[in-house]
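Colleague: I have this protein open on my screen and would love to talk it through with you. Shall we take it piece by piece?

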Amino acid sequence: MCEPIFEKPLKDISFGQVLMRLFQTARRFNMEVQPQLVLLQKTLLNIEGLGRQLYPDLDLWSTAQPFLERWMRERVSPRNVLQNLHSQVEQLPHLAA
């Protein structure tokens, strides 16, 4: 879905098109679209418009890469996965009661 916009400057990206493809794919596979996606669409369109005014040649992917990599490391690091698993196992006795 996002591969066509990789390594393109902001001026060449239409988030509206990306989100439309996302909704079309969800519909094709009878997937439920979460209400948060509508808010995401509104936010992305606002960011797209503002970004084009401020810095149309911005490469979003290279700019966001360090932040996304850090976020992924924090979310799926072995330590965090084990902590999440541990907290879920601790809740099991409460669920059975």
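Modeller: Happy to, and please keep in mind that this is a predicted model. A good place to start is F23, with its contacts beyond four places in sequence.

Colleague: Which residues does F23 touch, leaving out those up to four places away in sequence?

Modeller: F23 belongs to the largest nonpolar core. Contact here means heavy atoms within 4.5 Å. With residues up to four places away set aside, the partners of F23 are V33, L37 and Q41.

Colleague: Which helix gives the most residues to the largest nonpolar core?

Modeller: That core is made of eight residues, namely I5, L10, I13, F15, V18, L19, F23 and L44. Helix α1 covers residues 15-28. Four residues of the core come from one helix, the top contributor, and that is α1.

Colleague: Now to N30: where is it found, and is it buried or exposed?

Modeller: N30 sits in the loop that links α1 (15-28) and α2 (35-54). A residue is called exposed when its relative accessible area is over 50%. N30 has 73% relative accessibility, so it counts as exposed.

Colleague: What is the phi of N30?

Modeller: Most residues other than glycine have a negative phi. N30 is not a glycine, yet its phi is positive. The value is near 55 degrees.

Colleague: And N80, is it buried or exposed?

Modeller: N80 lies in helix α4, residues 78-96. Beyond four places in sequence, N80 touches E74 and R75. The cut-off for buried is under 20% relative accessible area. N80 has 16%, so it counts as buried.

Colleague: Stepping back, how many helices and strands does the protein have, and is it more spread out or less so than a compact globule?

Modeller: From the N terminus on, the elements run α-α-α-α, which fits the count of four helices and zero strands. The radius of gyration is 19 Å, well over the 13 Å that the globule rule gives for 97 residues, so the protein is more spread out than a compact globule.

Colleague: What share of the 97 residues is buried?

Modeller: The accessible surface comes to about 8,100 Å², and 61% of that belongs to carbon and sulfur atoms. As for the 97 residues, the buried share is 15%.

Colleague: Last one: how far apart are the centres of the positive and negative side chains?

Modeller: The protein has 11 positive and 10 negative side chains. The centres of these two sets are separated by 4 Å.

Note on methods: Residues numbered from 1 in each chain as written. Predicted model: local features only at pLDDT ≥ 70, side-chain atom pairs only at ≥ 80, totals over all residues. Heavy atoms only, no water. Helix = DSSP H or I, 4+ residues; strand = E, 2+ residues; numbered from the N terminus. Rg over C-alpha atoms; globule rule 2.2 N^0.38 Å. Buried < 20%, exposed > 50% of the residue type's maximum accessible area, 1.4 Å probe, protein only. Areas by Shrake-Rupley, 256 points an atom, 1.4 Å probe, with all protein chains shown as cover. Lys, Arg positive; Asp, Glu negative; His and termini not counted. Charge placed at Lys NZ, Arg CZ, Asp CG, Glu CD. Core = buried A, V, L, I, M, F, W, Y, C linked by side-chain atoms within 4.5 Å.
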